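Work through the exercises below with the structure open beside you. Try each task before you read its solution.

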Amino acid sequence: MEEQLSASKRLAPIFRRYSAAVTGFRHYWYPVAFSREVGKQPLARTICGEKIALFRDGGRVYALHDRCPHRGVPLSMGRKEFPGTISCMYHGWTYDLPSGQLVAVITDGPDSPICGKANVAVPTYPAEERAGLIWVYVGDPPAPPVEVDVPAELLRPDTVLEGVSAVRTGNWRYAMENGCDEGHAKYQHRYALWYFFRENAAWAKDVRLFPSEDGVWLERVRGEVRYSDIYGRLGRWPRRGPRFWQSRNRGTTTMSLRLPCIMRQQQRGWTEYQIYVPWDETHYLCFLLATKWTTGLDALLFRARYHTYIRRLKHEAFYAEDQLAIDLMDTPPEQLYRPDVAITAWRRFCEERARQSPADALAAPATPAAPAAPAAQAPSGAAGR
Amino acid sequence: MEEQLSASKRLAPIFRRYSAAVTGFRHYWYPVAFSREVGKQPLARTICGEKIALFRDGGRVYALHDRCPHRGVPLSMGRKEFPGTISCMYHGWTYDLPSGQLVAVITDGPDSPICGKANVAVPTYPAEERAGLIWVYVGDPPAPPVEVDVPAELLRPDTVLEGVSAVRTGNWRYAMENGCDEGHAKYQHRYALWYFFRENAAWAKDVRLFPSEDGVWLERVRGEVRYSDIYGRLGRWPRRGPRFWQSRNRGTTTMSLRLPCIMRQQQRGWTEYQIYVPWDETHYLCFLLATKWTTGLDALLFRARYHTYIRRLKHEAFYAEDQLAIDLMDTPPEQLYRPDVAITAWRRFCEERARQSPADALAAPATPAAPAAPAAQAPSGAAGR
Amino acid sequence: MEEQLSASKRLAPIFRRYSAAVTGFRHYWYPVAFSREVGKQPLARTICGEKIALFRDGGRVYALHDRCPHRGVPLSMGRKEFPGTISCMYHGWTYDLPSGQLVAVITDGPDSPICGKANVAVPTYPAEERAGLIWVYVGDPPAPPVEVDVPAELLRPDTVLEGVSAVRTGNWRYAMENGCDEGHAKYQHRYALWYFFRENAAWAKDVRLFPSEDGVWLERVRGEVRYSDIYGRLGRWPRRGPRFWQSRNRGTTTMSLRLPCIMRQQQRGWTEYQIYVPWDETHYLCFLLATKWTTGLDALLFRARYHTYIRRLKHEAFYAEDQLAIDLMDTPPEQLYRPDVAITAWRRFCEERARQSPADALAAPATPAAPAAPAAQAPSGAAGR
């Protein structure tokens, strides 16, 4: 029965670019590490399948292709022998951090004829630090300003940001689709400790998605939310109403998505970001962030709150359930249902708006307002119903 | 020298169906678990390469394809939310156990339009319990009665059955051929504790195999058995005769084989079954069973005897040697010898009698009595001598 | 950027035979174990991709293909049931160690018709013991005398030999090229404890390689060696001069290479051999040996010195750095530099002198003295500069 690939065969021609983005979309700035993670020691990363070494020198962060052209050894294993350079651990080939040029070869003397040759320069990547994160541009030059890809609200000086990151198993699209999937929180996460303190819905009517005015975000709203219902002859579910200690949150939680791989969710008094950076075909680099605009004592309190329970309950125990689903998911084939409008809208959003060249980063973003409207409908073609 | 594939090249055209049965023969009932293994928790199995989830509800056992059509998550990870159903752990898609129909989707409300659609029904497998085992039919419908594939003697109400099971490495045919292989017991197992208490033969004359009268079993008999012999100028082997404490068993042990993967061996006062169920290409599900027709106190004594020494000596230590051989075997190529008539006869039995459709299960079984006769000869073509 | 395969595309046509030697060169004697490693228990080896079992009987060592032709089980799992033979653990097929002939099949009786058949003989390998090592010939017959491949100086009766061996990850050519690579010792190993007690050079001028007079070895000499230098505007390196406790060794260390995979390095008062025997495509069998011509008390002192610090500092800690480089290397592509003349000369040496048939073992060895001369030049074609 594994051969019932009809759904995926229908999927491919509709979402061709999304299907092809196995290692993500190029021409974007990606967060690759917390600023605190790159100090005296270099850090090795794989982003969109490209091996990248991060170095800090003189307060700045530099990103180079993580491979010495000589014998292919990772530069992230190297040492800083001279300011502004990195020397490969194997033979001391020494590269200029800003340009990637080979400026000395220790074991070949000052007159080494290979220095400065074009074929031994190491490719560099634009790297910037914003909001406590290191961002690297992966794509063709010229790179757009990093502010094009960092959510504007994170650039405010009073942004307090805490979070965790980890390399996890699974393709980034599984993680992203799980992140924007409206339905599973109501069932799979029901038994997480996080929801022990909160009332959880059974289902939501009229899930709709539409692009933000500036075309950058894809936003999700829900109509009526039902906290319990009667499922025909099967009866009422959940059988038991909310407990007296559970907080009622009958407002609508806003969830938003943006390219290349960012999910934002409004929580009570703070904002959560989940960023699913493509690592390679079968791994992603997951950032789970909690942010708030505040300063002084309240900032301290928010940080304390994060490390006391938000991190443990939401970013560890709760997300372990998400990771389980990502590990177990096995599509295509798939058969989508009504709440999967979020997945379909996200795929279409990628299909229509993912950059195809660096020039797209600066182009007027709001053009496809009309074509994006169908995203607000229930899934049709790909959903197979 | 690995390229001396002449033997296997000769093998393929002769035993074409047997060679192709990498994941076993279809249209059979297979034992998949002990009844006691499926209670409140579902059980996941792979049988003949197909993923199957087992559920118990209202005293009955149900078998469903272990994959939710929505996002491919295994149903064996699910929960029972309503009687007679299983809900997928991810979004609460809820399936009727007997029919596999989607009867509710918790997170899409009572009016979920996807319920009842044909493309979201989960395939079901016929499942029955007999002799303390759960049997599942893998093949095209209609399934024959399970009694066609459960050895008749196991259906007697006074059958006492004990045993162990485990998923093990190796293709099922290696396990089956090792199981029916007459020769290795005399050499490989000689040093097992099991044979410390029993005299072991050196070799047997005139090993012959023939189908039973009803055509269901392939039975092996031996002519003269030698317990020691002189191997030309190499001298006598084994050098030492039997010890005074070793039981002499100069009778002929009867071994029988039947499709799809059952080996039966008469022991002293009880009967052993070894069943090598195909799991996937490189694993098999091994049942090692000890049975006796008895009741009351004698049944209790037999169970005690099993757990005191039969299990430990025969099904653990002794079978560990079999598993070692299965792991080390590396064919083709192969060069068969005289006692391998059992292997050749088994291959021919499969070739001629393995079902090609469910209709074969009910057809007159004894037709190829004449063609099976050559099985009783020493191996010719495939044996390469 | 991984696609810049220009260097390797240039490499392949120049060093065609070297590129093809993924599992090493045939028609050579290889060391496969220390003599002390083969006693009552057989030893399994893979050499040049061929599975070989080593047995000791009556003081001699025998090497057979490690596979019983019956069912493919390794003979190295077998037992000695009769003098001068090995019996397969599975069915007791019994082979004559010198000839590989099947002389008895225990489980088929003295009249087993398969004995003596040609297609059940196990291939044998010539095996000899010299200098405390077991050497096996891998290649077409006739094997040349083992003395053709054992370095002559190891055959002296006053040779004292100590050492370690291990199966390690990586293709044998990476290990060999790392072994003859002149440059990395000056940078990568600078921080090893071995060099804590010794002054280390920064770089060497005029590295040159040339064949020995008898054509058997490829020898490396260096011109001027610099212990510190000024690298343009980057400044002096190493910044600090030698410490008072470091021994100065301003003589020229001689390094020599010979086919199929031997590196010899003159140390102070003793000689080191590193032998990188091809195991399979991704493993090699590494021998690290320390030898000295001496006897009596001095021999004892040398053995004590080896186990006190040479083994620990040089063959364990120091070589761990080499293994790290071998594991990290990732070529092609590659961009060679001036000191890599050693690598290029070695490749050319292999290309011109590796045996293509056993007859080459006895042919006049010094013919290509002139063609080998370019090896002494800086790398040209393959180096890409």
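The exercises cover symmetry, chain make-up, interfaces, cysteines and backbone geometry.

This is a predicted model, in which local features need pLDDT of at least 70, side-chain atom pairs count only at pLDDT 80 or more, and totals for chains, interfaces and linings use all residues. Residues are numbered from 1 along each chain as its sequence is written, chains are lettered from A and ligands numbered from 1 in the order in which they are written, and side-chain values use heavy atoms, with hydrogens and water left out.

**Exercise 1. Symmetry**

Task: Find what rotation superposes chain A on chain C.

Solution:
- Start with the principle. Two copies of a chain are related by a rotation about an axis and a shift along it.
- Fix the method. Copies are superposed by least squares on the C-alpha atoms of residues with pLDDT of at least 70 in both.
- Read the result. Chain A lands on chain C after a rotation of 120° and a shift of 0.2 Å along the axis, with an RMSD of 0.1 Å. This is the relation of a three-fold axis.
- Locate the axis. In chain A, T282(A) comes closest to it, with its C-alpha at 14 Å.

**Exercise 2. One chain**

Task: Describe chain A by its helices and strands, its buried residues and its surface.

Solution:
- Count the elements. Chain A has 8 helices and 21 strands. These are DSSP runs, numbered from the N terminus: helices are H or I with at least four residues, strands are E with at least two.
- Look at burial. Of the 385 residues in chain A, 58% are buried. Buried means under 20% relative accessible area, exposed means over 50%, and partly exposed is in between (1.4 Å probe, protein chains only).
- Look at contacts (heavy atoms within 4.5 Å). Take those in chain A between residues at least 6 apart in sequence: 63% join residues at least 24 apart.
- Finish with the surface. Chain A has an accessible surface of about 15,300 Å², and carbon and sulfur atoms hold 55% of it. Such areas come from the Shrake-Rupley method with a 1.4 Å probe; for residues, only the protein chains shown count as cover.

**Exercise 3. Interfaces**

Task: Describe what chain A buries with chain B and with chain C.

Solution:
- Begin with chain B. The contact takes 41 residues from chain A and 38 residues from chain B. Together the two chains bury about 3,400 Å², with 58% on carbon and sulfur atoms. Buried area is the accessible area (1.4 Å probe) that two parts lose on being put together, summed over both.
- Add the charges. Chain A and chain B share 5 salt bridges. A salt bridge puts a side-chain nitrogen of Lys or Arg within 4 Å of a carboxyl oxygen of Asp or Glu. One of them pairs R338(A) with D111(B), at 2.9 Å from N to O.
- Turn to chain C. Here 38 residues of chain A touch 42 residues of chain C. The buried area is about 3,400 Å², and carbon and sulfur atoms give 58% of it. R71(A), Y90(A) and T107(A) supply 22% of the area that chain A buries against chain C, more than any other three residues.
- Count salt bridges again. Chain A and chain C have 5. R67(A) and D330(C) form one, with the closest N and O atoms 3.5 Å apart.

**Exercise 4. Cysteines**

Task: How many disulfides does a search of the whole structure find?

Solution:
- Set the test. A disulfide is a pair of cysteine sulfur atoms within 2.5 Å.
- Apply it. The search gives 0 over all chains. C88(B) is in no disulfide, and the nearest cysteine sulfur, in C68(B), is 4.0 Å away.
- Check chain C. The sulfur of C68(C) is 4.0 Å from the closest cysteine sulfur, in C88(C), which is too far for a bond.
- Check burial. C88(B) is buried, at 2% relative accessible area. C68(C) is buried too, at 2%.

**Exercise 5. Backbone geometry**

Task: Place the cis bond from P141(C) to P142(C) and the positive phi values of H27(A) and D206(C).

Solution:
- Take the cis bond. Omega from P141(C) to P142(C) is near 0°. P142(C) sits in the loop between β10 (133-138) and β11 (159-169) of chain C.
- Another cis bond joins L259(C) and P260(C), with omega about 5°. P260(C) is in the loop between β18 (255-258) and β19 (262-266) of chain C.
- Now phi. H27(A) is not a glycine, yet its phi is positive, near 75°. H27(A) lies in the loop between α2 (16-20) and β1 (28-34) of chain A. H27(A) is buried, at 6% relative accessibility.
- D206(C), also not a glycine, has a phi of about 55°. D206(C) is exposed, with a relative accessible area of 56%.
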